[in-house]
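Please look at the sequence and the 3D structure shown below, and keep both at hand while reading. The report after them goes through a few residues and contacts in turn.

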Amino acid sequence: MPQKLDQTLAALADPTRRDLLQRLAQRPHRAGELATGFAISRPAICKHTRVLKRAGLIRARQRGREQIYELAPSGSQTIEELIGTLERVGRFWDTALDAFKRYAEKQEH
C-alpha cells in the first residue's frame with residue numbers, strides 16, 4: 001500500500017500528468033493524439049503515460065497498431081485511497097496543532 005500511495009502522489013505531482021488525466025477524463029485518446037498540444041515531445045508524453053499506468057490511473061489497450069489510452073477502471077479507487085490517507089494525515093496534524101496551541105496558551109499564563 002505505501003508504494004502504491006507513493007506512485008499515485010508522484011503521478012499527480014506533475015502538471016503535465018494532471019493535464020493528461022483531464023484529457024483522458026473526456027474520452028480515450030490514441031497515443032499520437034494524446035501528445036497533441038503539449039510543448040514536449042511524444043517520447044516525453046510516453047514517459048508520463050508510463051508513470052500514470054504504474055500508478056494505476058490509466059491503461060493502454062492495443063487496437064491494431066495503435067495504443068489507445070483511457071482512464072483505468074480502478075483509478076477512482078486509487079484516488080479514493082489517496083484521499084482517505086490525506087484526510088487521516090490532515091486529522092493527525094489538526095490534533096497535533098491543537099495540542100500545541102493548548103500547550104502554548106498554558107505557557108502564557
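What follows is a short report on selected side chains, charged pairs and a pocket.

## The model and a buried arginine

The structure is a predicted model, and the account begins with Arg17, which is found in helix H2, a helix that covers residues 15-26. Arg17 is buried and yet has no salt bridge. Why is there no salt bridge at Arg17? The nearest side chain of opposite charge, that of Asp14, is 4.3 Å away, and a salt bridge has to be within 4 Å, so Asp14 does not qualify as a partner.

The side chain of Arg17 does reach the backbone oxygen of Ala11, at 3.0 Å. When residues up to four places away in sequence are not counted, Arg17 touches Ala10, Ala11, His48, Val51 and Leu52.

## Charged pairs

Side chains of opposite charge can pair when their charged atoms come close. In this model the count comes to five salt bridges. One of them joins Arg27 to Glu33, with the closest N and O atoms 3.1 Å apart. Both partners fall in the middle class of accessibility, since Arg27 is partly exposed with a relative accessible area of 42%, and Glu33 counts as partly exposed at 25%.

Another salt bridge is formed by Glu66 with Arg30, and here the closest N and O atoms are 3.0 Å apart. Glu66 lies in strand E3 (residues 66-71) and Arg30 in strand E1 (residues 29-30), so this pair ties together parts that are 36 residues apart in sequence. Glu66 is partly exposed, with a relative accessible area of 33%, and Arg30 also counts as partly exposed, at 37% relative accessibility.

## A linked set of charges

The side chains of Arg61 and Glu70 meet in a salt bridge as well, with a distance of 3.1 Å from N to O. Are these partners buried or exposed, or something in between? Arg61 counts as partly exposed at 35% relative accessibility, whereas Glu70, at 10%, counts as buried. The pair also belongs to a wider arrangement, in which Arg59, Arg61 and Glu70 are linked in a network of salt bridges.

## A buried histidine in strand E1

His29 has its place in strand E1, and at 5% relative accessibility it counts as buried. The side chain of His29 reaches the backbone oxygen of Arg27 at 2.8 Å, and Arg27 is the residue that forms a salt bridge with Glu33.

Which residues does His29 contact, leaving aside its neighbours within four places in sequence? They are Arg23, Leu24, Leu34, Gln67, Ile68 and Tyr69. As for separation along the chain and in space, His29 and Val89 are 60 residues apart in sequence and 35 Å apart from C-alpha to C-alpha.

## The largest pocket

Rolling a probe the size of a water molecule over the atoms shows where empty space is left. In this model, the largest pocket holds about 160 Å³ of space. Its lining is made up of Leu12, Arg18, Leu21, Gln22, Leu57, Leu71, Ala72, Gly75, Ser76 and Ile79.

Two helices can be named in connection with this lining, because H2 and helix H5 (75-108) each supply at least two of its residues. Helix H2 has therefore appeared twice in this report, as the helix in which Arg17 is found and as a contributor to the lining of the largest pocket.

Conventions:
Residues are numbered from 1 along each chain as its sequence is written. This is a predicted model: local features need pLDDT of at least 70, side-chain atom pairs count only at pLDDT 80 or more; totals for chains, interfaces and linings use all residues. Side-chain values use heavy atoms; hydrogens and water are left out. Helices (H or I, at least four residues) and strands (E, at least two) are DSSP runs, numbered from the N terminus. Buried means under 20% relative accessible area, exposed over 50%, partly exposed in between (1.4 Å probe, protein chains only). Lys and Arg count as positive and Asp and Glu as negative; His and the chain ends are not counted. A polar contact is a pair of N or O atoms within 3.5 Å; within protein, one must be able to donate a hydrogen and the other to accept it, and residues adjacent in sequence count only if both atoms are side-chain atoms. Contact means heavy atoms within 4.5 Å. On a 1 Å grid over the protein atoms alone, a cavity is a set of points where a 1.4 Å probe fits but cannot get out, and a pocket is an open set with protein on both sides within 12 Å along at least five of seven lines; lining residues have an atom within 4 Å of a point. Grid points are joined across faces, edges and corners, and a volume is the space filled by probe spheres set on the points.
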